[in-house]
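Grab a pen and have the model open in your viewer. Below are some short exercises, each with a worked solution.

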Amino acid sequence: AATDRTVRVHVATSHAAAERTAKEIVTGGGRTIVSAGGAGTFNAVLEGCHLAGAVPSDLRLAFLRKGSADLIGKVLHVPDELSAAATGIAGSITAHRDLPADVLAVETTESDGTTQRRHVVGFGGLGIFGDVPRFTESRIVKFYKGLLGTLFGDLGPFYVGLALASVRWWILRLFGRVAPMTLILDDETLPAERWAAVMVLNGDLGEDFPLGRGLPLASGTFRVVVLRFVGVRKMLRQISACRTAAELDQPDNYGAIVRDVRTLIAQPIGSTRPVMVNVDGLRLMTQGTVRVSISGRVRLVDARPAPEAG
């Protein structure tokens, strides 16, 4: 066995069930939870860990990677092989090897005017990035996500979804169905424009998604990368640059604006058309203002092996 501690296994068949189960565990006093699944399951568990709007300060959350593109799991040095991962997580729990991470709150406006609030550790986005889950999280897509991952690596499904979302966004823009948005980045206001993409990263997610390069998960800020529409041919160049983080080094060459901020407010102008918001692979719909801010901090179990004595 990986540990001599008492372990209780809970089975959840949906993200909603995972959230409810986590809520029950934390409400009952549980303070060490291992999420087994993909990024969507992990963030559903994180959501369930909130009591009165905050994660308990003594909570520790571990990630047993079982999905595709599990970037947080990689940052936490969780092995691919199940037995090794369980052993590494158990050892780190015992040794209290933790990595602090800021939790982002994403607020969206429902069709009835009410506000929905979700929490995330990872990334999110609007525009093209907001539409990615439309092509990566449907039941039909899940049949070929494994094949795309095999052919193009862990982020294969994501980048294929990104390409398809780009085509969809361009068609909508062509027919005048993309609303301009005003973006407020802390105290800086970007005038209303039909922004191609607004990407949000709460820290460095590793070489697979390097746009968060150099930003600690617990920096107290998150990174916003905004892409202007610079034409169809150049849009493909922008997408390709996301894989190398070229926008960070030469933002002007890619129509990019890069800021590390504490708050982001996106306000659509003159449209009530529903817009999809990407919350680390989960889909949220909004018909109004989107707000992103840092709401707290959570301790993540770091499965990195203990240094050898010598």
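Before we start: strands here are DSSP runs of E with at least two residues, and helices are runs of H or I with at least four, both numbered from the N terminus. Keep in mind that this is a predicted model.

**Exercise 1. Get your bearings: work out how many helices and strands the protein has, and what share of its residues is buried.**

Step 1: Go through the elements. There are 9 helices and 14 strands.

Step 2: Turn to burial, with buried meaning under 20% relative accessible area. Of the 310 residues, 47% count as buried.

Step 3: Look at who touches whom. Take the contacts with a separation of 6 or more: 72% of them join residues 24 or more positions apart.

**Exercise 2. Describe the largest pocket: its volume, its lining and the elements that build it.**

Step 1: Start with the volume, which comes to about 1100 Å³.

Step 2: Now the lining. It takes 32 residues, and those nearest the centre are Val7, Arg8, Val9, Ile33 and Val34. Two or more lining residues come from each of helix H1 (15-27), strand E1 (32-37), helix H2 (39-48) and helix H4 (82-95).

Step 3: Sort the lining by class. You should get 18 nonpolar, 11 polar and 3 charged residues.

**Exercise 3. Take H1 apart: check its span, then find which residues are buried and which are exposed.**

Step 1: Do the ruler test. With 13 residues at 1.5 Å a residue, H1 should span 18 Å, and its end C-alpha atoms are indeed 18 Å apart, so the two agree.

Step 2: List the buried residues: Ala17, Ala18, Thr21, Ala22 and Val26. Looking down the axis of H1, you'll find these buried residues within an arc of 165°, so they line one face of the helix.

Step 3: Ask what that buried side packs against. The partners are E1 and H2.

Step 4: Flip to the face turned away from the buried side. Here you meet the exposed residues Arg20, Glu24 and Thr27.

Step 5: Walk just past the end of H1. Glycine 29 takes a positive phi of about 105° there.

**Exercise 4. Repeat the exercise for H4: what span is expected, and what do its buried residues pack against?**

Step 1: The 14 residues of H4 should span 20 Å at 1.5 Å a residue; the end C-alpha atoms are 20 Å apart, so this one agrees too.

Step 2: The buried residues of H4 are Ala85, Gly88, Ile89, Ala90, Ser92 and Ile93.

Step 3: These buried residues pack against E1, strand E2 (60-65) and strand E14 (290-301).

Step 4: Carry on into the loop between H4 and E3, where you'll find histidine 96. Its phi is positive, about 60°, although histidine 96 is not a glycine. Histidine 96 counts as exposed because its relative accessibility is 53%, with the cut-off set at over 50%.

**Exercise 5. Hunt for cavities: how many of 30 Å³ or more does the structure hold, and what lines the largest?**

Step 1: Count them. The structure holds 4 cavities of 30 Å³ or more.

Step 2: Zoom in on the largest cavity, with a volume of about 100 Å³. Its lining has 15 residues, with Val106, Gly124, Gly125, Val200 and Val292 nearest the centre.

Step 3: Assign the lining to elements. At least two residues each come from strand E3 (98-109), strand E5 (123-127), strand E8 (197-201), strand E12 (275-279) and E14. E5 has the largest share, 4 residues.

Step 4: Check the chemistry: 12 nonpolar, 3 polar and no charged residues.

**Exercise 6. Do the second largest cavity, then look at the loop after H8.**

Step 1: This cavity holds about 50 Å³ of space. Among the residues lining it are Phe129, Leu162, Gln238 and Cys242.

Step 2: Helix H5 (128-136) and helix H8 (232-242) each give two or more residues to that lining, and H8 gives the most, with 3.

Step 3: Split the lining by class and you get 8 nonpolar, 1 polar and no charged residues.

Step 4: Move on to alanine 245, in the loop between H8 and helix H9 (246-249). Its phi is near 65°, a positive value in a residue other than glycine. With a relative accessible area of 0%, alanine 245 is buried.

How values were computed. Residues numbered from 1 in each chain as written. Predicted model: local features only at pLDDT ≥ 70, side-chain atom pairs only at ≥ 80, totals over all residues. Heavy atoms only, no water. 1 Å grid on protein atoms, 1.4 Å probe; cavity = no way out; pocket = protein on both sides within 12 Å on 5 of 7 lines; lining within 4 Å. Points joined across faces, edges and corners; volume = space filled by probe spheres on them. Nonpolar A, V, L, I, M, F, W, Y, C, P; charged D, E, K, R; others polar. Expected span 1.5 Å × (residues − 1). Buried < 20%, exposed > 50% of the residue type's maximum accessible area, 1.4 Å probe, protein only. Arc of directions from axis to C-beta. Contact = heavy atoms within 4.5 Å.
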